[in-house]
Amino acid sequence: MTGGLLLSGAVAALLTTALPSQAPSGGWEDPPPDKIIIKIATVNGSGCPQGTTAIAVSEDNTAFTVTYSDYLAQAGGNSDPTAFRKNCQLNLVVHVPQGFTYAIASADYRGFASLQSGASGTQRASYYFQGSPNTASRTHPFSGPYNDNWQATDSTDWAQLVWAPCGVQRNFNINTELRVNAGSQAPGRVSFMTMDSTDGDISTVYHLAWKECPDKK
């Protein structure tokens, strides 16, 4: 799946635990008003078959949403042996308004899980810029019995954000994963986990931080 979106807004970047080389003394800066272009360079994975993923940017330029329509992992019963793990690797090309850079301040994941007694589920995400040795990962475990909506949030303090390099185009990568283990108590019964919401949309929201690049003299 490839494509681009011309959007009046701003988008994207990295959640990590490493300290940035440049960070403002405090407070969130206003997002830039200029248009940007977001292109999906590649999207690969069993949780996001071709044509099942889309990206939208909020009107206030403070978040972007990735929407899925076929992201489900399951185990137990007659489940396919490979269905216990689903993942999606997004490679995004983000053209940022001149003079600005960006970072992900937090990411909200939500879905539905039906886990039998003894079963377990895991949601995991990792984030990195192309060419960067730093990869940030967050993991959220869930245990059965569980039959309800779930939500997980990855968040980072301002002082710990890592920013996209100013004046350099670097693709941004997001790799998400759902994993289900049927356990030994009820292996004949299906347990599953989706990246989903109560209205049927499978979506993830990434909240953005912005700052101005230093002037080059």
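In the count that follows, Ala, Val, Leu, Ile, Met, Phe, Trp, Tyr, Cys and Pro are taken as nonpolar, Asp, Glu, Lys and Arg as charged, and the others, Gly among them, as polar. With that sorting, the lining of the second largest pocket in this predicted model comprises 10 nonpolar, 5 polar and 1 charged residues. The space inside this pocket comes to about 220 Å³. Of the 16 residues that line the second largest pocket, V96, F100, P165, G167 and V168 lie nearest its centre. The element that gives the most to this lining is strand 7, residues 100-115, which supplies 3 residues.

A step back to the whole chain helps to place these details. The protein chain has 13 strands and 0 helices, and its pattern along the sequence is therefore β-β-β-β-β-β-β-β-β-β-β-β-β, as helices and strands are read from DSSP runs. Among the 217 residues of the chain, 47% count as buried. Contacts also reach far along the sequence: taking those between residues at least 6 apart, 83% join residues at least 24 apart.

Several strand pairings can be followed in the structure. Strand 6, residues 85-95, is mostly covered, with 9 of its 11 residues buried. Its antiparallel pairing with strand 11, residues 172-181, extends over 8 bridges. Within this pairing, Q89 has N175 of strand 11 as its bridge partner. Strand 12, residues 191-194, pairs with strand 5, residues 72-75, in the antiparallel sense over 4 bridges. Here A75 is found opposite S191 of strand 12. Strand 12 also runs antiparallel to strand 7, and 3 bridges join the two. In strand 12, T194 is the residue opposite F112.

Two residues are worth a closer visit. The first stop is T176, which belongs to strand 11. Is T176 buried or exposed? Its relative accessibility is 1%, and because buried means under 20%, T176 counts as buried. The side chain of T176 is joined to that of Y71 by a polar contact of 2.9 Å. Beyond its neighbours within four places in sequence, T176 is in contact with Y68, Y71, K86, N87, C88, Y109, R124, A125, M195 and Y206.

The second stop is Y128, a residue of strand 8, which spans residues 120-129. Y128 has a relative accessibility of 24%; this value falls between the 20% limit for buried and the 50% limit for exposed, so Y128 counts as partly exposed. Which side chain does the side chain of Y128 meet in a polar contact? The partner is Q89, at 3.4 Å. Q89 has already appeared as the residue bridged to N175 in strand 11. Another link from Y128 is one of position: the C-alpha atoms of Y128 and N171 are 8.8 Å apart in space, although 43 residues separate them in sequence.

One peptide bond also deserves a look. The bond from G144 to P145 is cis, its omega being near 0 degrees. As for where this proline sits, P145 is in the loop between strand 9, residues 136-143, and strand 10, residues 146-155.

Methods
Residues are numbered from 1 along each chain as its sequence is written. This is a predicted model: local features need pLDDT of at least 70, side-chain atom pairs count only at pLDDT 80 or more; totals for chains, interfaces and linings use all residues. Side-chain values use heavy atoms; hydrogens and water are left out. On a 1 Å grid over the protein atoms alone, a cavity is a set of points where a 1.4 Å probe fits but cannot get out, and a pocket is an open set with protein on both sides within 12 Å along at least five of seven lines; lining residues have an atom within 4 Å of a point. Grid points are joined across faces, edges and corners, and a volume is the space filled by probe spheres set on the points. Buried means under 20% relative accessible area, exposed over 50%, partly exposed in between (1.4 Å probe, protein chains only). Two strands pair if DSSP finds at least two bridges between them. A polar contact is a pair of N or O atoms within 3.5 Å; within protein, one must be able to donate a hydrogen and the other to accept it, and residues adjacent in sequence count only if both atoms are side-chain atoms. Contact means heavy atoms within 4.5 Å.
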